[in-house]
Amino acid sequence: MTSPVSIEKHGTVAVLLVDNPPVNALGSAVRQGLRDAMREVLDNPQYAAVVLACAGRTFISGADIREFDQKIEGPSLDEINRLFENRSKPVVAAIHGVAFGGGLEVAMGCHFRIAASDAKLGQPEVKLGLIPGGGGTQRLPRAIGPARAVQLIVTGDPIGAEEALQLGLVHEIFEGDPVAAGVAFAQKVLSERRPARSLRDDDSKLKAARADRSMLTKAAAEAMKRNKGLEAPAACVEAVAWCLDVPFDEAIRREWTLFTRLRSGDQSKALRHVFFAERSSNKIAGVEAGTRPRKIDSVAIIGAGTMGGGIAMSFANAGIPVKLIEIAKDSLDRGLGTIRKNYEATAARSGMSSDTVTKRLGLIAGAVGLEHAGQADLIVEAAFETMQIKKDIFSELDKVAKPGAILATNTSFLDVNAIAAVTKRPQDVLGMHFFSPANIMKLCEIVRSEKSAPDVLATAAAVARRIGKIPVVVGVCYGFVGNRMLVVRLLQARKMLLDGALPEQVDAVATRFGMMGPFAMGDMAGLDIGWRSRKDSGETSPIEDALCEAGRFGQKTGAGYYRYDAGSRTPIPDADVEALIVDTSRKLGITRRQISDAEIHERLIYPMINEGARILEEGIVERASDIDLVWLYGYGWPPQTGGPMFLADQVGLPVVAERLAFMAALDKDETLRPVPLLHRLATASGTFAAFK
């Protein structure tokens, strides 16, 4: 088999060229190729210097993550870096595209690094539940100092070439061909007789932190703020700290031991599942690989309320011009004013420059009247969740929108087929369900109608990715995927209150799992929204209806399932609510019982999994992992568990099915009985991951 690493001769400079499409992942064949090529170059006296470069669109993008579930074969990064760090011949890494994870670790084994002006460098292993395992926790602190290194490793965030140059991670920025730039830099090193500097032997940037360890601990504490429930960030801090008092080679051995322990752990397995789930979601049934998305240069948003404003910000943040349209001037002005306040608050909180705020606001133009959507390439309707209103809007848009424009509805529950049917272009209509706040939440459910054209689906998914969202294509049903499962969870939560639990107990179990509790979430969203909807539909929710009738709508009124001190969002258990719950149970003839935390956990999650199986059975989504993505990015499901369907596989489908059967018998509720797909998989010891 041809090696993915070749040697090119450029005078006295040997170029080790990695060519492993599509992203030059550092799999076993590449590692073996690097080791063998470097040995050959070191033994060949005609070469005085070495350049490590890559063909294609990027430098080494990182490890081949598919290997992490197998026994890792071939040479280690430590073995390769020991060859690169020899002092006999200077080695230059010429970086273009990205150098992430193992790619950056190999580059740091080189004596010199140069980077294209648009290159990105980083150690994102933490996002897979890991620490860098190829020397990154020890070489990066020596390259840029331990305080900045721990921030980059704990967050996994990349930096650009300019910052890398300022920090000393790279020695020069280049434009153009990386091979030519690398050879030129290597020749300059030879002509100037620059000493070859190995990071393993350079402790100069560790001295300050060794004298004052608080420099590292403060930086680590700041980086750790948003890592509740995750193991890897703390492990990253531990490993980086070794650079201050553990000999380099011993630290490298410890790093690999810790890496392998995390790799075999449940959290890393779950996060690797999420990594592959995101990539699988790009494959849309019925959309061939060569389908070309339509060109989207301008967008119109119908409705300047909370959702419409957030969606407009999402497009403006990506540099896409937006026309925000309302039917009345006062509504438009309120919406534009809210957008401005949101940007100003973000700037005050995160340091966004005033120029950036001005630029983004400049991309959002307000207008009154649907006729102003006429020239938009994509129109997203974000009006009230009422079918007749949406039908009226789409009937009008059908008249004013230009041919080929995509018409999208942001509905959370309604029938997209019915909305498309009022137009003469149903092939151009689909759902784009954003989640609140739309400028922050990463999920976008792409709702495929019966007649949505393949290129319309491809365009919606592409534009969602362009604005930083995770697109998941779903079919038409009430609530699609996320809200359909959320309703099941909420019904169980409400039932547990009638049976014997209290809001604070249920929410505490959810919080320990890693999610916001259903009752605290209800208070935050506003209980009156569901109450008004139930009045229209004739449905009831005894406890919640009673709370609303008492004027307890949640945080905005200072009381809901909890009470709230003035100006505070912290829920406080309320004896009046407990009395109301107990009284409601009594009136309904329900004998209250003690409900364990274990039962609460199962009732919040297992019926959702059952509904997910129904969704799979009906073909609403292609893969179980699509359901996981919806919950991870739309509802704050804890990523370290991989999503509800992945969690079900880890628990074991026979266990889930048995507990659901128990709940169904206890409650005399046949909707809780395992659906045929779940029953079939459980009986055969199958998994959702293997379901096709």
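**Exercises on a predicted model**

**Exercise 1.** Decide whether A689 is buried or exposed, and find how far A689 lies from S625 in space.

*Solution.* In this predicted model, A689 has a relative accessibility of 57%; since exposed means over 50%, A689 counts as exposed. As for its place in the chain, A689 is found in the segment after α29 (676-683). A689 and S625 are separated by 64 residues in sequence, yet their C-alpha atoms are 7.2 Å apart in space.

**Exercise 2.** Check the length of helix α1 (residues 28-43) against the expected span, and state which elements cover the buried residues of α1.

*Solution.* Begin with the length: at 1.5 Å a residue, the 16 residues of α1 should span 22 Å, and the end C-alpha atoms are 23 Å apart, which agrees. Next, list the buried residues of α1, which are V30, R31, G33, L34, R35, A37, M38 and V41. Finally, the cover over these buried residues includes the strands β1 (5-10), β2 (13-18), β3 (49-54) and β4 (91-95), together with helix α2 (77-84).

**Exercise 3.** Work out the strand order of the sheet that holds β10 and β13, and place helix α16 against the strands.

*Solution.* The open sheet has 8 strands in the order β12-β11-β10-β13-β14-β15-β16-β17, with mixed pairing. Its edge strands, each pairing on one side only, are β12 (364-368) and β17 (470-474). On average, neighbouring strands of this sheet are turned by 25 degrees against each other, direction ignored. Within the sheet, β10 (residues 299-302) and β13 (residues 378-381) pair in the parallel sense over 4 bridges, and A300 stands opposite I379 in β13. Helix α16 (residues 387-400) lies across β10, β13, β14 (406-409) and β15 (429-434), and runs at about 170 degrees to β14.

Key. Residues are numbered from 1 along each chain as its sequence is written. This is a predicted model: local features need pLDDT of at least 70, side-chain atom pairs count only at pLDDT 80 or more; totals for chains, interfaces and linings use all residues. Side-chain values use heavy atoms; hydrogens and water are left out. Helices (H or I, at least four residues) and strands (E, at least two) are DSSP runs, numbered from the N terminus. The expected span of a helix is 1.5 Å times one less than its number of residues. Buried means under 20% relative accessible area, exposed over 50%, partly exposed in between (1.4 Å probe, protein chains only). Contact means heavy atoms within 4.5 Å. Two strands pair if DSSP finds at least two bridges between them. Axes are lines fitted to C-alpha atoms, for helices over the stretch in contact, and angles run from 0 to 180 degrees between N-to-C directions.
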